[in-house]
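Biologist: I'd like to learn how to read a structure feature by feature. Could you walk me through one?

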Amino acid sequence: MTEQPQTTDAPVEPAAQRAPEPPPAPAPDPSAAPAGDVAPLPAPRKDRRVLRAVLRWTAVVTVFAALGAGTAYGITRADRTDLPGLATESDGRWAYPEIERPPLPSGSPGPFDSANLVNAHYADLRALLLPAPEGATDDKALHGADGWLPTKDLLELYTAEADQEEVGQLLTDHGLRHVAARGWTTADGTRTRIYLLQFGTAEVVDELFGALVRYDRPEYALSGAAGTTNDEDYPASAVPAQITRYAYDEAEPYGPEQVRQAYVQAGDVIGLVVQSRKGTAAAVPFRQTVTLQSELLA
């Protein structure tokens, strides 16, 4: 037999005890300074400055976005009465004071609560009148006695004497309880008058309302309004769903002044809003006034 040569294997060193291999030497940098010279410090890396700038602007945008979202949330969540008069200067709206419904007598339901079968307003009718906007001059002639306007003063709104008599008889036949009124004149000469007429039940008001208005014009002409037409640009959604509203504009050519008017039916109350101005009367404050008065009655 042939003898196999004997080999002596070196003992294998465990992996954990092996010395780490030295890292490869870096390749020479052609731009490096010659030996003996001091190399200049490297310039700051531009990407870090750009990153810091981006982070700063991101933080600013985030803050403004949060503020904007918070403002929008506050406006959408605020009650209408928290935004006084919906006042803006850009579209001609008036600056009304903070508007709140008057308190109800203890235990009395609201006019459109399910428990209120006759849709009666139990709050004081005089307190349901829209307040005058800021800077307006009060019309003291509408104060009446203790805040109640005589019916004859209301009837003077109508042009023809025959209309005054007929409307007066309608009010009597339907059991008019009382009339509350308020008026003012703004700095531009626009005169506003609001009349609230209260009756026994909403059923009575519904019958009378149909005798006072038509879709295209009111049944009885007001003084100074040569002719009237339906204000078709006034959106129906601008007033509460419980309210019936007919708004009219004076047809051209106007007389010495333009007259706008609106009849509002709200439960046991009929409201009449009249706005006039020499020359022309703006549509925006008229619709704003009618809408806010309607919300007070809803």
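Modeller: Happy to. Let's start with a working word: a contact means heavy atoms within 4.5 Å. Also keep in mind that this is a predicted model.

Biologist: Then which residues does Asn-116 touch, leaving out those up to four places away in sequence?

Modeller: Asn-116 touches Pro-109, Gly-110, Pro-111 and Tyr-122. You'll find Asn-116 in the loop between α1 (46-77) and β1 (137-138).

Biologist: Is Asn-116 buried or exposed?

Modeller: The general idea is that buried means under 20% relative accessible area. Asn-116 has a relative accessible area of 4%, so it counts as buried. Its side chain also reaches the backbone nitrogen of Asn-119, at 3.0 Å.

Biologist: What stands out about the phi angle of Asn-119?

Modeller: Phi of Asn-119 is near 50°, which is a positive value in a residue other than glycine. Asn-119 sits in the loop between α1 and β1, and is partly exposed, at a relative accessible area of 22%. Asp-146 is another case to look at: its phi is near 60°, again positive in a residue other than glycine. Asp-146 belongs to the loop between β1 and α2 and, with 67% relative accessibility, counts as exposed.

Biologist: Let me zoom out for a moment. How many helices and strands does the chain have?

Modeller: The chain has five helices and seven strands. Reading from the N terminus, the elements go α-β-α-α-β-β-α-β-β-β-β-α. There are 298 residues in the chain, and 34% of them count as buried.

Biologist: And how do I read contacts across the whole chain?

Modeller: Take the contacts with a separation of 6 or more: residues 24 or more positions apart account for 61% of them. For one residue up close, try Val-213, in the loop between α4 (202-212) and β4 (228-230). Not counting residues up to four places away in sequence, Val-213 touches Pro-218, Glu-219, Tyr-246, Tyr-248 and Tyr-263. Val-213 counts as buried, at 8% relative accessibility. You can also compare sequence with space: Val-213 and Arg-245 are 32 residues apart in sequence, and their C-alpha atoms are 9.9 Å apart.

Biologist: Next topic, salt bridges. What's the general idea?

Modeller: Side chains of opposite charge can pair when their charged atoms come close. In this model, a search of the whole structure finds eight salt bridges. One of them joins the side chains of Asp-139 and Arg-191, at 3.4 Å from N to O. That pair links distant parts of the chain, with Asp-139 in the loop between β1 and α2 (151-155) and Arg-191 in strand β3, 52 residues apart.

Biologist: How accessible are Asp-139 and Arg-191?

Modeller: Asp-139 is buried, with a relative accessible area of 14%, whereas Arg-191 is partly exposed, at 35%.

Biologist: Which other salt bridges can I look up?

Modeller: Try Asp-249 and Arg-260, whose side chains meet at 3.7 Å, N to O. Asp-249 lies in strand β5 (residues 244-250) and Arg-260 in strand β6, so this salt bridge ties together parts that are eleven residues apart in sequence. Both Asp-249 and Arg-260 are buried. Then there's Asp-153 with Lys-152, where the closest N and O atoms are 3.1 Å apart. Asp-153 counts as partly exposed, at 23% relative accessibility, while Lys-152 is exposed, at 56% relative accessible area.

Biologist: Which peptide bond is cis, with omega near 0°?

Modeller: Look at the bond from Glu-252 to Pro-253, which is cis. Pro-253 is in the loop between β5 and β6.

Biologist: Last one: how do people find pockets?

Modeller: Rolling a probe the size of a water molecule over the atoms shows where empty space is left. Here, the largest pocket holds about 250 Å³ of space. It is lined by 15 residues, and the closest to its centre are Glu-156, Leu-157, Arg-191, Arg-193 and Tyr-195. The elements giving two or more residues to this lining are β3 (191-198), β6 (257-266) and β7 (269-278).

Biologist: Which element gives the most to the lining of the largest pocket, and how do its residues divide into nonpolar, polar and charged?

Modeller: β3 gives the most, with three residues. The lining of the largest pocket has eight nonpolar, two polar and five charged residues. And you've met Arg-191 before: it is among the residues closest to the centre of the largest pocket, and it meets Asp-139 in a salt bridge.

How values were computed:
Residues numbered from 1 in each chain as written. Predicted model: local features only at pLDDT ≥ 70, side-chain atom pairs only at ≥ 80, totals over all residues. Heavy atoms only, no water. Helix = DSSP H or I, 4+ residues; strand = E, 2+ residues; numbered from the N terminus. Buried < 20%, exposed > 50% of the residue type's maximum accessible area, 1.4 Å probe, protein only. Polar contact = N/O pair within 3.5 Å; in protein donor to acceptor, adjacent residues only side chain to side chain. 1 Å grid on protein atoms, 1.4 Å probe; cavity = no way out; pocket = protein on both sides within 12 Å on 5 of 7 lines; lining within 4 Å. Points joined across faces, edges and corners; volume = space filled by probe spheres on them. Nonpolar A, V, L, I, M, F, W, Y, C, P; charged D, E, K, R; others polar. Salt bridge = Lys/Arg side-chain N within 4 Å of Asp/Glu carboxyl O.
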